[in-house]
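This report examines one structure, first through a single residue and its surroundings and then through the nonpolar core. The reader is invited to follow each step in the display below.

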Amino acid sequence: MIVRFEGDVFRWEARNDSDWYFVALPPELSDDIRETQAFRRGFGGVRVEATIGGSTWRTSIFPQAGGVYVLPLKRAVRDSEGIDPGATIDVDLVVLDA
């Protein structure tokens, strides 16, 4: 499964000392992944390859309360692509665990 979506960058606020940033997949895309996904890793993660601008990396998306998956954004990617908290970004995503 290969998809493109747009989402807003947000900071994980479970801990005040956290510097983890994510972008949420749209609900309908999250539903599609959940329905087609036969294998889930720890914490319900699904392996993906993500591309933002000129940066491509492999990671996992994770289910969040409310049913949507979230994509963690590595600091190196945020820095190289000039991504700030609250920014709206375009993401190309390849689901590897299908």
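## Surroundings of Ser55

In this predicted model, Ser55 is in contact with Ala50, Val77, Ser80 and Glu81, when its neighbours within four places in sequence are left aside. Ser55 itself lies in strand 4, whereas Ser80 belongs to helix 2, which covers residues 75–81.

Is Ser55 buried or exposed? Its relative accessibility is 10%, so Ser55 counts as buried, because buried means under 20% relative accessible area. Ser80 has a relative accessibility of 51% and therefore counts as exposed, since exposed means over 50%.

The side chains of these two serines, Ser55 and Ser80, make a polar contact with each other. The side chain of Ser80 also reaches the backbone oxygen of Val77. The distances are listed here.

| Side chain | Partner | Distance |
|---|---|---|
| Ser55 | side chain of Ser80 | 3.1 Å |
| Ser80 | backbone oxygen of Val77 | 3.3 Å |

Ser80 and Gly53 are 27 residues apart along the chain, and their C-alpha atoms are separated by 9.2 Å.

## The nonpolar core

The largest nonpolar core has 23 residues. Leu25, Leu71 and Leu93 are those with the most contacts inside this core. Among the elements that give two or more residues to the core are helix 1 (27–36), strand 4 (55–63) and strand 6 (88–95).

Leu25 may serve as an example. With its neighbours within four places in sequence left aside, the residues in contact with Leu25 include Phe5, Ile33, Ile61, Leu71 and Leu93.

Terms used
Residues numbered from 1 in each chain as written. Predicted model: local features only at pLDDT ≥ 70, side-chain atom pairs only at ≥ 80, totals over all residues. Heavy atoms only, no water. Core = buried A, V, L, I, M, F, W, Y, C linked by side-chain atoms within 4.5 Å. Buried < 20%, exposed > 50% of the residue type's maximum accessible area, 1.4 Å probe, protein only. Helix = DSSP H or I, 4+ residues; strand = E, 2+ residues; numbered from the N terminus. Contact = heavy atoms within 4.5 Å. Polar contact = N/O pair within 3.5 Å; in protein donor to acceptor, adjacent residues only side chain to side chain.
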